[in-house]
Amino acid sequence: MPIFNQSIRRKIVGIALGLIVLMLVTSILSMVMSSQVGVLLDELTNRYIPAYGDLARANIRSLERAVALRRMVMTKMQSPSDEEAYAARLREFEESDRRIEEEAERARKLINAIIDDPRTPSDNAALARIEARIETSVAELRRDMTEDHAKLLKQVDAKQAAEARNTLEHIDAIRDQFNQKIDLIRADMLKQVYASTSQVIGHQHKAIIVSGIVTVLAAVVGFAFALLVSSGITRPVRMLLAGTREVEAGRFDKPITVSTQDEIGELAAAFNRMIEQLRHNERIRETFGRYIDPKVVQGLIDRPEVAIDGQRRVMTIMFCDMSGFTSMSEGMTPRGLVKVMNHYFTVMSGPIRDNRGVIDKYIGDAIMAYWGPPFIEEGEQGRLAGLAAIDMAEQVPALQKQLPDLLGIRAMPAPCDLRIGIATGEVLTGSIGSELMMSFTVMGDAVNLASRLEAANKVYGTRILISQATADAIGSQLELREIDRLAVAGQSAPQAIFEVMGSTGALAAAQASLRTHYAEGLAAYRARRFDEASAALNSALEAVPGDGPSRTLLGRIAQFEADPPDANWDGAWRLEQK
């Protein structure tokens, strides 16, 4: 099985075992070479040097023998003769003679042991010649000395001093010849000692060099092996880290290549499965983002308990409806109607989302949206809803031009326009529905009021109407105009309603004049000064001809001239009266 398919534990254990094996090989090789050096040292110490010493002592024994011989002769020749001393000197002489042969024999045995030992690379031929020369020299010495010794003993016994002296000189000459031979043998033996010493030193150097080479080789092989295995571990880890950074950046389209079958490979495979699941979840989120606002989807993912338990929050609700939709849709094919509605919703949804609003649902040709926490700060919701309404109203002229092109006709059978109602109040947010289907939405009086304000635009001929609470939240951040006090079904007290005229500082002079005259007329209208109110409202119409709220109030005043309001009239208009 390839090494990269093993588990990380096996890889690490394999590296350790490999290094241990290399260490053992190095140690064993060093031990073998050291033992060989030890054998050579043992041979040098216990055989070569002792053999050379034995040969040196043989020379010494030869001199001792000569001294013992002279002392023996001198003892015998003196007068009177001391036989006891002579016998002692004779024994001393014979002992010296025997020791020469013993030293020579020990040297020969050590040399033969060197020759017979197969563990050492000695010069066996040279050693054999040395051993033979030792044996020959000792044999020749014994042969030459035997006759002279017998002659000398007879001459000593006969008190023949002159003859004994001549015999001693001859014996000394033989001894000198023997010593010269032994010296030559010792010189050759010393050469063998030097050769053995050189072998020991050479083997020591070789052992050191080989051990160093093997150690370096083991280190290189171990490092290469460890580097190979570690790279097989770190490379997929780096790939996994790079993949994690891609996921952190929101990119789920780059799976990791699984190059190993160890734990990291399993982790990489699990990471790829996670990426696939995230990619699947992202597709689901993108898909549902077309049905449910993405901010709602993200909010439900981050805080699912909100959807389950529900919460009461102050929010700003918007209803937007297309006027003239019914008459416009009667002459359209289903395909053309869907095309028009999709374009209409696309155009009108853009400003809502651009101003951080949440689209709750599409109801026929109407759009329901809301602003509020946790999606935006509570103090910003009124202003953002008003800005979105202004942007939506500004899209109407372009939309009116685009619709005929979408339908392939020259002109629309009926003009289309926009009606928007905005209200602020406490609502219930949460998942509402059945066990089979749920919808995250908002419910409450503010929702109903926004829907009623959208419908009230028909009465006043306006596009954007907002509630008192929304106007209070907006303050001076937008240009507002109080339109009326309106009482809707379900509410006991009427409340002021306002029209959003535009962004702050964006009013034209005519619109500013309109707002001023209308405010004067509205105040007179509520005070039942109808003549004064009519004059002010007519002035407002002169500033902006066709102003819907001015015409509406003038119409009411005309009705009051025929049928004056009762004493309890509070100046409010009840929507159910329309």
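Here are some numbered notes on this predicted model, covering its overall make-up, its salt bridges and the packing of its last helices.

1. Overall make-up. The protein chain has 16 helices and 9 strands. It runs to 578 residues, of which 41% count as buried. If we take contacts between residues at least 6 apart in sequence, 71% of them join residues at least 24 apart.

2. Salt bridges in general. Side chains of opposite charge can pair when their charged atoms come close. In this model the count comes to 18 salt bridges. The next points walk through a few of them.

3. A pair within one helix. Glutamate 103 forms a salt bridge with arginine 106, and their closest N and O atoms are 2.7 Å apart. Both residues sit in helix H2 (residues 83-116), and because they are 3 residues apart there, about one helical turn separates them. How accessible are the two partners? Glutamate 103 is buried because its relative accessibility is 3%, a value under the 20% cut-off. Arginine 106, in contrast, has a relative accessibility of 37% and therefore counts as partly exposed.

4. A pair between two helices. Arginine 108 makes a salt bridge to glutamate 131, again with 2.7 Å between the closest N and O atoms. This pair links distant parts of the chain, with arginine 108 in helix H2 and glutamate 131 in helix H3 (residues 124-157), 23 residues apart. Are these two residues buried or exposed? Arginine 108 counts as buried at 15% relative accessibility, and glutamate 131 counts as buried too, at 11%.

5. A wider network. You may want to view arginine 108 and glutamate 131 together with their neighbours in the network: Glu105, Arg108, Glu131 and Glu135 are linked by salt bridges.

6. A pair between two loops. Arginine 356 forms a salt bridge with glutamate 377, where the closest N and O atoms lie 3.4 Å apart. Arginine 356 is in the loop between helix H9 (334-354) and strand E2 (358-363), while glutamate 377 is in the loop between strand E3 (366-371) and helix H10 (381-394), so the salt bridge ties together parts that are 21 residues apart in sequence. Arginine 356 is partly exposed, at 35% relative accessibility. Glutamate 377 is also partly exposed, with a relative accessible area of 47%.

7. Two arginines with positive phi. Arginine 356 is worth a second look for its backbone: its phi is near 65°, a positive value in a residue other than glycine. Arginine 528 likewise has a positive phi, of about 65°, although it is not a glycine. Where does arginine 528 lie? It is found in the loop between H14 and H15, and at 33% relative accessibility it counts as partly exposed.

8. H14 against H15. The loop with arginine 528 joins two helices that pack on each other. The axes of helix H14 (residues 509-526) and H15 come within 8 Å and cross at roughly 165°. That angle makes H14 roughly antiparallel to H15, since angles over 145 degrees count as such. Their crossing is left-handed. On the H14 side the contact includes Ala510, Leu514, His517, Tyr518 and Tyr525, and on the H15 side it includes Phe530, Ala533, Ala536, Leu537 and Ala540. By class, the contact of H14 with H15 has 11 nonpolar, 4 polar and 2 charged residues.

9. H15 against H16. Helix H15 (residues 530-543) also packs with helix H16 (residues 548-562), at an angle of about 155° and with the axes 9 Å apart. H15 and H16 are therefore roughly antiparallel to each other. The crossing of H15 and H16 is left-handed. Which residues meet here? From H15 come Phe530, Ala533, Ser534, Leu537, Asn538, Ala540 and Leu541, and from H16 come Ser550, Arg551, Leu553, Leu554, Ile557 and Phe560. The residues of this contact divide into 9 nonpolar, 3 polar and 1 charged.

10. H15 in the middle. Reading the two contact lists side by side is a handy way to look at H15. Phe530, Ala533, Leu537 and Ala540 are among the H15 residues in the contact with H14, and these residues are also among those that meet H16.

Note on methods
Residues numbered from 1 in each chain as written. Predicted model: local features only at pLDDT ≥ 70, side-chain atom pairs only at ≥ 80, totals over all residues. Heavy atoms only, no water. Axes fitted to C-alpha atoms, helices over the stretch in contact; angles between N-to-C directions. Helix = DSSP H or I, 4+ residues; strand = E, 2+ residues; numbered from the N terminus. Parallel < 35°, antiparallel > 145°, perpendicular 65-115°, else oblique. Left-handed = near helix turned anticlockwise from the far one by under 90°. Contact = heavy atoms within 4.5 Å. Nonpolar A, V, L, I, M, F, W, Y, C, P; charged D, E, K, R; others polar. Salt bridge = Lys/Arg side-chain N within 4 Å of Asp/Glu carboxyl O. Buried < 20%, exposed > 50% of the residue type's maximum accessible area, 1.4 Å probe, protein only.
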